[in-house]
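Here is a friendly walk through the packing of one protein chain. Please have the viewer ready.

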Amino acid sequence: MGPSDPHPNWHLGMRGTQHRAVMWRVWKEGGTGFLYWGANCYEKATVPGAEIRFRRGLPPGDGVLYYPGEVFSSSKQPVASLRLERILSGLQDFEYLKLYASRYGKEEAVTLLEKTGVYLGPERYTHEHMAIDIMRGEIFSSCRSCS
C-alpha cells in the first residue's frame with residue numbers, strides 16, 4: 001500500500017523509472033531478495049471476460065501485476081502488465097549492479113549508480129531512461145574488458 005509518490009513503488013500511474021527504482025533501492029540498501037504480497041489480487045469476476053476491478057481500499061494497481069487472458073482475447077494465458085515488465089528491467093539492473101560490485105566492489109558500484117544519477121535515495125532517482133542506459137553501458141564496457 002505504500003510508500004506512495006514520490007517513493008519507488010509499483011502502483012498504476014507511477015513512472016516507469018519509479019517502478020524500476022524499487023530494485024535499485026533494494027540493491028543499494030543491501031537487500032538479498034524481495035517479497036511482494038500479491039500479483040493477481042483483483043476482485044473476482046462473476047463471469048469470464050468481465051471488466052477487471054481493483055480491490056477496494058488499495059492504491060490502484062497494488063497487488064495486480066498480471067491480468068487474466070480471457071479478458072483480452074480467447075486465450076487463457078495471463079497477460080503481463082507493463083509494471084511487471086518494468087520489474088523485470090529493475091531485476092536486470094539489480095543483476096548488473098551485482099556483477100559490477102563483484103568486480104570493483106560495492107562502494108564503486110554505488111558511486112556509479114549515483115554518478116550517473118540513476119539512484120541516490122528513495123526520493124532522488126532519475127525520471128529519464130538515458131541515465132539508466134548510460135549506467136548499463138558503463139557496466140557492460142567495464143565488465144566485458146575483465147573477462
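What follows covers the nonpolar core, the aromatic pairs and one serine.

This is a predicted model, in which local features need pLDDT of at least 70 and side-chain atom pairs count only at pLDDT 80 or more, while totals for chains, interfaces and linings use all residues. Residues are numbered from 1 along each chain as its sequence is written, and side-chain values use heavy atoms, without hydrogens and water.

The largest nonpolar core (buried Ala, Val, Leu, Ile, Met, Phe, Trp, Tyr and Cys residues joined through side-chain atoms within 4.5 Å) has 26 residues, and those touching the most other members are W24, W27, L113, V118, Y119, M135 and I139. Two or more residues each come from α1 (16-28), α2 (82-104), α3 (106-115) and α4; α1 gives the most, with six.

The structure also holds five aromatic pairs (ring centres within 6.5 Å, using the six-membered ring of Trp; planes under 30 degrees apart are stacked, over 60 edge-to-face, the rest tilted). Two of them are tabulated here.

| Pair | Centre distance | Plane angle | Type |
|---|---|---|---|
| W10 and Y36 | 4.8 Å | 70° | edge-to-face |
| Y119 and Y125 | 6.5 Å | 15° | stacked |

W10 lies in the segment before α1 and Y36 in the loop between α1 and β1 (66-67), 26 residues apart. W10 counts as buried because its relative accessible area is 3%, the cut-off being under 20% with a 1.4 Å probe and protein chains only. Y119 is buried too, at 1%.

Finally, S142 in helix α4 (residues 129-144) is buried at 11%. A polar atom of the S142 side chain lies 2.8 Å from the backbone oxygen of E138.

Methods: Helix = DSSP H or I, 4+ residues; strand = E, 2+ residues; numbered from the N terminus. Buried < 20%, exposed > 50% of the residue type's maximum accessible area, 1.4 Å probe, protein only. Polar contact = N/O pair within 3.5 Å; in protein donor to acceptor, adjacent residues only side chain to side chain.
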